[in-house]
Amino acid sequence: MVVTYARPTMLSMPSPTSDPVIPAAPILVVDDDAKIVRLVRTYLERDGLMVVTASDGPGALDAIERHTPALVVLDLMLPGLDGRAVIRAVRRDDDAGRTPILVLSARSSTLDRIAGLEDGADDYLPKPFSPAELVLRVKSILRRTAPAVASDHADLPVIRHADLTVDAARHEVRRGETPVDLTPVEFKLLSAILAADGRVLTRDQLLDAVYGHESSDVLDRTIDVHIRRLRDKLDDDPEAPRYVQTVRGVGYRAARR
């Protein structure tokens, strides 16, 4: 198991105003191919991001616990514990469960991508890959998952539906008095669906609500995967939904009360 830590030099650091999405926590890069690790680390550090690395599954989990990374770039075919098992372990952890994960894998079929998303990955980039695109994907995820400033949502109303309460200013969801821990993507999906107040939102509309101008690079079936994970957390039966209703062939809407 190998875990290393690297801090970018002052020459590689961007100016304070050049990019607001530079987290204080490092990016964790996990791959058993040392050349890929060096390549990814070099490009991330050039953009001012700190990097930690691991070469196997157990090392990845250890690095996540020790460094609390802002994001994980994860290969799937790892020794010791494969990448999918790493994702599932992270998503079961109360403290690390919200850590964004970008899969970087030679398994590039649509089924592989969907399986990775179902396990809990936030994005999927197949190998061979463009290092410049990887940096763009990393920054895109960091933008989507960055903690919102309370003033950004101060004027947004609290959304209530059945026994759900969605508070954008606090980034909280409660079912009755019980908090529901959602990822940023799941929170945006639920907020968009409930705010539509019964109107049907297509997958393209939901992709735009979650990913913005980057939605063209995302599989539309990604929405279905995130909806399934959202329903699991809300204990929402798709056959008798209380919160999110499927409109077959069209999209999703808030379930009728």
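Which residues of strand β4 are buried on one side, and which on the other? Let's start there, keeping in mind that this is a predicted model. Strand β4 covers residues 71-74. On one side you will find Leu71 and Val73, on the other Val72 and Leu74, and all of these residues are buried. Both faces of the strand are therefore covered, because buried here means under 20% relative accessible area.

Next, look at the strands paired with β4. Strand β2, residues 27-30, runs parallel to β4 and is joined to it by four bridges. To find one of these on your screen, pick Val30, whose bridge partner in β4 is Leu74. Strand β5, residues 101-105, also runs parallel to β4, and three bridges join the two. Here Val72 is a good place to look, as its bridge partner in β5 is Ile101. Val72 and Leu74 thus appear twice in our tour: both are buried on one side of β4, while Leu74 pairs with Val30 and Val72 pairs with Ile101.

Now follow the chain from β4 to β5. Helix α3, residues 83-92, joins these two strands in a right-handed β-α-β unit.

Helix α3 also packs with another helix. Two packed helices are described by the angle between their axes and the distance between the axes. For α3 and helix α2, residues 57-67, the axes come within 9 Å and cross at roughly 25°. Angles under 35 degrees count as roughly parallel, so α2 and α3 are roughly parallel to each other. The crossing of α2 past α3 is right-handed. Gly57, Ala60, Leu61 and Ile64 of α2 make the contact with Val86, Ala89 and Val90 of α3.

Key. Residues are numbered from 1 along each chain as its sequence is written. This is a predicted model: local features need pLDDT of at least 70, side-chain atom pairs count only at pLDDT 80 or more; totals for chains, interfaces and linings use all residues. Side-chain values use heavy atoms; hydrogens and water are left out. Buried means under 20% relative accessible area, exposed over 50%, partly exposed in between (1.4 Å probe, protein chains only). Two strands pair if DSSP finds at least two bridges between them. A crossover is right-handed if, with the strands pointing away from the viewer, the path from the first strand over the helix to the second runs clockwise. Axes are lines fitted to C-alpha atoms, for helices over the stretch in contact, and angles run from 0 to 180 degrees between N-to-C directions. Angles under 35 degrees count as roughly parallel, over 145 as roughly antiparallel, 65 to 115 as roughly perpendicular and the rest as oblique. A crossing is left-handed if the near helix is turned anticlockwise from the far one by less than a right angle, and right-handed if clockwise. Contact means heavy atoms within 4.5 Å.
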